[in-house]
Each structure stands twice: as structure tokens, then as C-alpha cells.
Amino acid sequence: MSNPRPPRSRPTSGPLAPHGIPGHLVGFVGALRGKGIAVGTSETVDAGRVLAVLDPLDREAVREGLASALLRRPVHRDTFDVLFDLWFPSGIGARRGAGDGHGDEGDIADGAPTELPVDEDGNLDREALEELLADLLADESEEGRERMDRLVADIVDRLGRYDGYSGESFSAYQAMRGLSGDNILRRMLDGMLGPSQDESGHRQVHRNEVALRTALERMDRLRRMVQGETRRRSAERLGRDRVAQYGVPQLAEQVDFLRASDADLQSLRKTMVPLARALATRLAARRRRSRRGEIDVRRTLRKSMSTGGVPIDLVLRKPRPARPELVVLCDVSGSVAGFSHFTLQLVHTLREQFSRVRVFAFIDTTDEVSGFFEAGSDLGAAMSRMVREARLITYDGHSDYGNALGGFAEEYAHALTDKSSLLILGDARNNYRDPNLAALQRMRQAARQTHWLNPEPAGQWGTGDSVATAYGTVVPMYECRTAEQLTGVISRLLPI
């Protein structure tokens, strides 16, 4: 009979900052870097100076001070806040008022005093708890916030505790599982709207919308508080580094296009604008440098023969006379629509770096949609118009790369010249139809350079109905799963 597998060891108890404040700050900076937030030496030194002048007992002041010293981009704030809560927790162990009960969640009468309401039998009164949550979420006073913190701590400690394989742990899902978000939301709306007033229809609708938006924001705050308390308690059991691996959200630019949730897509839309502007600035700087011309090594060495082999006078190549043209051919079918949207947003911001930008879209048929993306146009409105008005579907509405490439090569071949750079966007999943490699070959020969950006992992190319491997033998294909990869690839590929 085999011996049972021993449980995983837990981190040993010890001081939160065994190497003092400087060592603790260095560890925190390392955690930020591990999540993709660029923090340099100068920012770390600035953060140390911030800690030297702030009151260490004022946790929120420390949070804001470190954020101002370490962060360069506002979109990284959410990830920073989660890591800050792990490295600078609000407390150790159960909060005051949260008991250490290990029994059934239905019986909470034993243990230390708690904020959780109970009925006459000592069991949790969930309706009273939902009403209390609604009241405290609406209370913006300091006392109300403190009570809300204690209540969340009690909910996680009593309702979110479970015994797993590695021992005792906590779950935000389990803590909120028995509570009805709809009931809490309805109670908040009742409190904010009160009895119906004699108002005009427009004002009443506006008032209802404001109340609903406010209530949803408060519900989101409750979920974040429960998740934060869960991470804090789990980090004490499992270790800070382990919780940081799975409990800290990815940066928006590192989220996979094809697996992004609605919340991820909203964050991604915010981060694409500064990414595109930064890339446009880099391309403009490269263009300014290119006007002086690059060093012609062969001619410089030849000229140095007159000075004993010392290259005193540099010979520069002649710069390119004009900005290149950009042609974009993108798949806008449902499977890759998000990827195409963000790539077009990037191209839309970079349009001033090219003498001309032409955009073509397809699902099973190709149509030019450049007119929807004129300078100054709203990108969201342009995408909506493109889907409604452009001729993108001729057959069954499923992706047909072969027919789309063939149609482009026949109708729009004149769009490609020796000054054109062609970008093809899509996952190359062709629904087992003819890939029409000959059409892609003609397009590659007509353009100055051609690149294919694929949002799928490279390991999936050529599997199932994917013809990415076949297309990759004709034109270079690059994996672009995230906004970070996308901007990196485009910055390397696009000519100046």
C-alpha cells in the first residue's frame, strides 16, 4: 500500500519585511517588473525618497506616493494596486471583529464578535446581510468605510474559508456565492431613487441612468474589496509570490486578443491610444534620422585610404525620397474582429507616417473600406459602418481567404506598387477551402514588402482548418496575440 502524498508545506511565519524597508521596496519593484511594468533604477531611488518622507502608518499616502514615483502609465494602476495590497497589506491575520471559526458557515454564533447579522437561532441572516451591504455601500463617511472593511473581512473569513489539498485557504467566489447581487443592487437603487417624483420623462430617465451607473460601480467596488481581502488572507497561507502568480491581473497590453473578456477589451481600448502615439513618435524620430542617411561602410572605408585607413570623413547613403504607402487587408469575421479592430486603431494613429493608407476588409469577399477611415473619423463609428455597408459577404458568411485574396488580386492589384507595404491581418482559418496561394504570390511580388500578422499562437498554425503554415511559405507570418506583441512587430516591420 503506497504512502499518501504529503501536503504542500506552507511558508513559515516571519516578519513581513525581513530585509527592512529598502529590501522590501526592492522586492516590490521586482514584483512589478515580473508583471511587465517597466520600473528603472531612477524610479526605485525616487520611491525610496518618497518612503523616507511619508508617514508609514498612512497606508493610502504611501500607496499614492509609490504610484507617482514608480508608474509611467495610468493603465498600469490596477496591477500596481493589487501588488501593493500584497506587499503592503492592511493587516495580518483575521481583522478585528472577524472570528477564527472553523465550523459550518451557517452557524456563526461561536467565536469573536462579528459584523455578520444572525437570526434568532444564531444562523447567518442572508437577507439582513444583503441589506447591510447595500446600506454600507451607500455610506461614504469614514465610519461607514471602516464598517465596510470589517464586514468584508468577516465575509471572507467566515464564508470564503475552505479546506483544500494544500490546507486552509480562501475563495472570493465562495464568499459571494450565497449572496444575491441583484438583491443588493435593487436595495441600493431603492435607496437612491426613493419614491417616484413628479418629474419630466427625460429627467426621470436621466436620474434612473445615473442611479444605475452609481449602483453598478458600488457593486464592482464590493467585488474588488472581497477579492483583495481574499488575496491578503491567501498570501499569508500560500506565500506572497505564489498568489502574485495567479491572483494579479495581466496588463491590458499582455491580454490575448482572442481570449479577452469585455472588461479586458475596455482596458485594451484605453491602452491602445498611448501605445499608438508612442509608436508614432518612434517612427517619426526614425524618419528624421533617416533624412541624414545611414553610413555607407564600403564607401567610407574606401575614402579612408587617403588618410591612412582612418575613417575621418563619413560617407552617408542617400535617404529615401518619400514616405512609403501602406495597404492593410484585414479579416473582420467574428473570430478575429477584436484583433483587426485594435490593429486598425494602431494604423489609424500612424497614418501620418505614410504618404497614403488604403484599407481593405473581407469575410469571404474583399471590399475597400478606406473611405470609412478618413483622418479625424471616429474609429468605432467607422468599424460599425464598415460592417453594415461594405460588401464583405457573398456566399455563406464564413471566412474564405482563398476567395478574398483572389478578389483582391483581380480587382485591387493596382493598389500595390514598389512603394507599398502590405499588411495582412487574420488567423488564416479557411474552413477547409482552397487557400489560393497563387493569388498571395502575385500580391507579394507586386508590393515592396508583405507581412502577415496572425493573432493565434504559432503552435496552432497549420492545425484543423488553419492554412497559416502554407501561407507562411509565401510571405513572412508573425504571431501577434497581444497589443504588446502587435506594437513590437509593427515597429520593426514598417518602413520609414
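**Salt bridges, a nonpolar core and a negative patch**

The structure holds 26 salt bridges. It is a predicted model. The salt bridges make a good starting point, and the core, the surface and the backbone follow.

Begin with a pair that spans the sequence. Glu131 forms a salt bridge with Arg187, and their closest N and O atoms are 3.8 Å apart. This pair links distant parts of the chain. Glu131 sits in helix α5, while Arg187 sits in helix α8 (residues 181–193), 56 residues apart. How accessible are the two partners? Glu131 counts as partly exposed because its relative accessibility is 41%. Arg187, at 29% relative accessibility, also counts as partly exposed.

A second bridge joins Arg221 and Glu140, with 3.7 Å from N to O. Arg221 belongs to helix α9 (residues 201–238) and Glu140 to the loop between α5 and α6, so this bridge ties together parts that are 81 residues apart in sequence. Glu140 has a relative accessibility of 40% and therefore counts as partly exposed.

Now take a local pair. The side chains of Glu389 and Arg385 meet in a salt bridge at 3.3 Å, N to O. Why are they separated by about one helical turn? Glu389 and Arg385 are four residues apart in helix α14, which means about one helical turn between them. Glu389 is partly exposed, with a relative accessible area of 46%. Arg385 is partly exposed too, at 35%.

Salt bridges can also join into a network. Here Arg59, Glu60, Arg63, Glu64, Arg77, Asp81 and Asp85 are linked in this way.

Turn next to the interior. In soluble globular proteins, nonpolar side chains tend to be buried together. The largest nonpolar core of this model has 44 residues. Which of them touch the most other members? They are Phe373, Met386, Leu453 and Leu486. Both helices and strands contribute to this core. The helices α11 (262–290), α13 (337–349), α14 (379–389) and α18 (483–493) each supply at least two residues. So do the strands β3 (325–331), β4 (356–362) and β6 (420–425). Helix α11 gives the most, with eight residues. Helix α14 thus appears twice in this account: it supplies core residues, and it holds the Glu389 and Arg385 pair.

Back to the surface, and to charge of one sign. Asp135, Asp139, Glu142, Glu143, Glu146 and Asp149 form a negative surface patch. Which element provides the largest share of this patch? Helix α6 (residues 142–159) does, with four residues. Asp139 lies in the loop between α5 (126–138) and α6. The loop between α5 and α6 also holds Glu140, the partner of Arg221. Asp139 counts as partly exposed because its relative accessibility is 30%.

Last comes the backbone. Asn431 is not a glycine, yet it has a positive phi of about 55°. Where is Asn431 found? It is in the loop between β6 and α16 (437–446). Its relative accessible area is 30%, so Asn431 is partly exposed. Asn436 also has a positive phi, about 55°, although it is not a glycine. Asn436 lies in the loop between β6 and α16 as well. With 22% relative accessibility, Asn436 counts as partly exposed. Strand β6, at one end of that loop, is also among the elements that supply the core.

Notes
Residues numbered from 1 in each chain as written. Predicted model: local features only at pLDDT ≥ 70, side-chain atom pairs only at ≥ 80, totals over all residues. Heavy atoms only, no water. Patch = residues over 30% accessible without salt bridge, like charges linked within 9 Å, V, L, I, M, F, W, Y side chains within 5 Å. Areas by Shrake-Rupley, 256 points an atom, 1.4 Å probe, with all protein chains shown as cover. Salt bridge = Lys/Arg side-chain N within 4 Å of Asp/Glu carboxyl O. Lys, Arg positive; Asp, Glu negative; His and termini not counted. Charge placed at Lys NZ, Arg CZ, Asp CG, Glu CD. Buried < 20%, exposed > 50% of the residue type's maximum accessible area, 1.4 Å probe, protein only. Core = buried A, V, L, I, M, F, W, Y, C linked by side-chain atoms within 4.5 Å.
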